[in-house]
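Let's take a friendly walk through a protein model together. Have the picture open beside you, and turn it around as you read.

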Amino acid sequence: GIPDRYVLKEWDLLKIDAGVTYKWYIADSAVCVIIGWSKTNPQAAHLVEATKWALDTGLQFIGPGRSLYDFGYAVEQYVKSRNCTVIKSLTGHGVGQSLREPPYIYNWPHPDTRDQFFKPGMVIALEPITAMWSNGYMEKPKINSWNLYTQQGDLGAQREYTVLITEQGYEVLAGVVHYAG
């Protein structure tokens, strides 16, 4: 979301989502951090870790000829195995000269993606968006129309990489792939 007057405090879960435009091309990435120390909010730490590893697990299903369905299935199965949920209506997407281009990359096995495949040269933003138990989101326009909130007021998290599909597999162009924490 867009910053407002809220003052961050210890335990808060903060999503940092940043994009870069270089020579007319766009890269997009996001990471969640816990203000203070991850042990101050074990529930947030659990969700952040589950979201990061869901994306890294999904990367195993990225490459030329691999289906978008398999990526979504892998992400959702990992998230569920950690007793969290995927916000189904929020997706990854193609990137290039516009921020959001086709295809839409679901974080669950959407039936429309069975016959959609990754192709060399595609640049995509992979971004699992998860919650502790909500599977949808809402907006609060009176507060800030750019910010999204989980339907049930639980914690939400996101992790995002911009990835290039290559002839051999993929290359991460933007995103924090490994971190200590």
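We will start in the core, move on to a helix, and finish with charged and aromatic side chains.

Keep in mind that you are looking at a predicted model. A good place to begin is the inside. In soluble globular proteins, nonpolar side chains tend to be buried together. Here the largest nonpolar core is made of 28 residues. Those with the most contacts inside this core are Leu-13, Ile-62, Phe-71, Phe-118, Ile-124, Leu-126 and Val-163. Several parts of the chain contribute: strand E2 (25-34), H1, H2, strand E6 (123-126) and strand E11 (161-165) each supply at least two residues. The largest share, six residues, comes from H1.

To see how such a core is knitted together, pick out Ile-62. Leaving aside residues up to four places away in sequence, Ile-62 touches Phe-71, Phe-118, Leu-126, Val-163, Ile-165 and Tyr-170.

Now find helix H2, which runs over residues 68-81. H2 has 14 residues, and the distance from its first C-alpha to its last is 20 Å, close to the 20 Å expected at 1.5 Å a residue. Which residues of H2 are buried? They are Leu-68, Tyr-69, Phe-71, Gly-72, Ala-74, Val-75, Glu-76 and Val-79. The buried residues of this helix pack against H1, E3, strand E5 (101-105), E6 and strand E7 (129-131). Just after H2 you will meet Asn-83, which takes a positive phi of about 60 degrees.

Next come the charges. Side chains of opposite charge can pair when their charged atoms come close. How many salt bridges does the structure hold? There are five, and we can visit some of them.

One of them joins Lys-52 to Asp-56, with the closest N and O atoms 2.2 Å apart. Both residues lie in helix H1 (residues 42-58), four residues apart, which is about one turn of the helix. Lys-52 and Asp-56 are both buried.

Another links Lys-88 with Glu-76, at 3.7 Å from N to O. Lys-88 sits in the loop between strand E3 (85-86) and strand E4 (92-94), while Glu-76 belongs to H2, so this pair ties together parts that are 12 residues apart in sequence. Are these two partners buried or exposed? Lys-88 counts as partly exposed because its relative accessibility is 32%, whereas Glu-76 counts as buried because its value is 8%.

A further salt bridge connects Asp-17 and Lys-15, whose closest N and O atoms are 3.5 Å apart. Asp-17 is partly exposed, with a relative accessible area of 39%, and Lys-15 is also partly exposed, at 32%.

Finally, look at the rings. A search of the whole structure finds one aromatic pair. Tyr-106 and Trp-108 form this pair edge-to-face, with 5.8 Å from centre to centre and 80 degrees between the planes. Tyr-106 is partly exposed, with a relative accessible area of 22%, while Trp-108 counts as buried at 18% relative accessibility.

Trp-108 also brings us back to Lys-88. The charged end of Lys-88 sits over the ring of Trp-108, 4.7 Å from its centre. Lys-88 also has its salt bridge with Glu-76. In a similar way, the charged end of Arg-114 sits over the ring of Tyr-69, 4.1 Å from the ring centre. Tyr-69 is one of the buried residues of H2, which returns us to the helix we explored earlier.

Terms used: Residues are numbered from 1 along each chain as its sequence is written. This is a predicted model: local features need pLDDT of at least 70, side-chain atom pairs count only at pLDDT 80 or more; totals for chains, interfaces and linings use all residues. Side-chain values use heavy atoms; hydrogens and water are left out. A salt bridge is a side-chain nitrogen of Lys or Arg within 4 Å of a carboxyl oxygen of Asp or Glu. Buried means under 20% relative accessible area, exposed over 50%, partly exposed in between (1.4 Å probe, protein chains only). A nonpolar core is a set of buried Ala, Val, Leu, Ile, Met, Phe, Trp, Tyr and Cys residues joined through side-chain atoms within 4.5 Å. Contact means heavy atoms within 4.5 Å. The expected span of a helix is 1.5 Å times one less than its number of residues. Rings of Phe, Tyr and Trp (its six-membered ring) pair if their centres lie within 6.5 Å; planes under 30 degrees apart count as stacked, over 60 as edge-to-face and the rest as tilted. A charge sits over a ring if NZ of Lys or CZ of Arg is within 6 Å of the ring centre and within 35 degrees of the ring normal.
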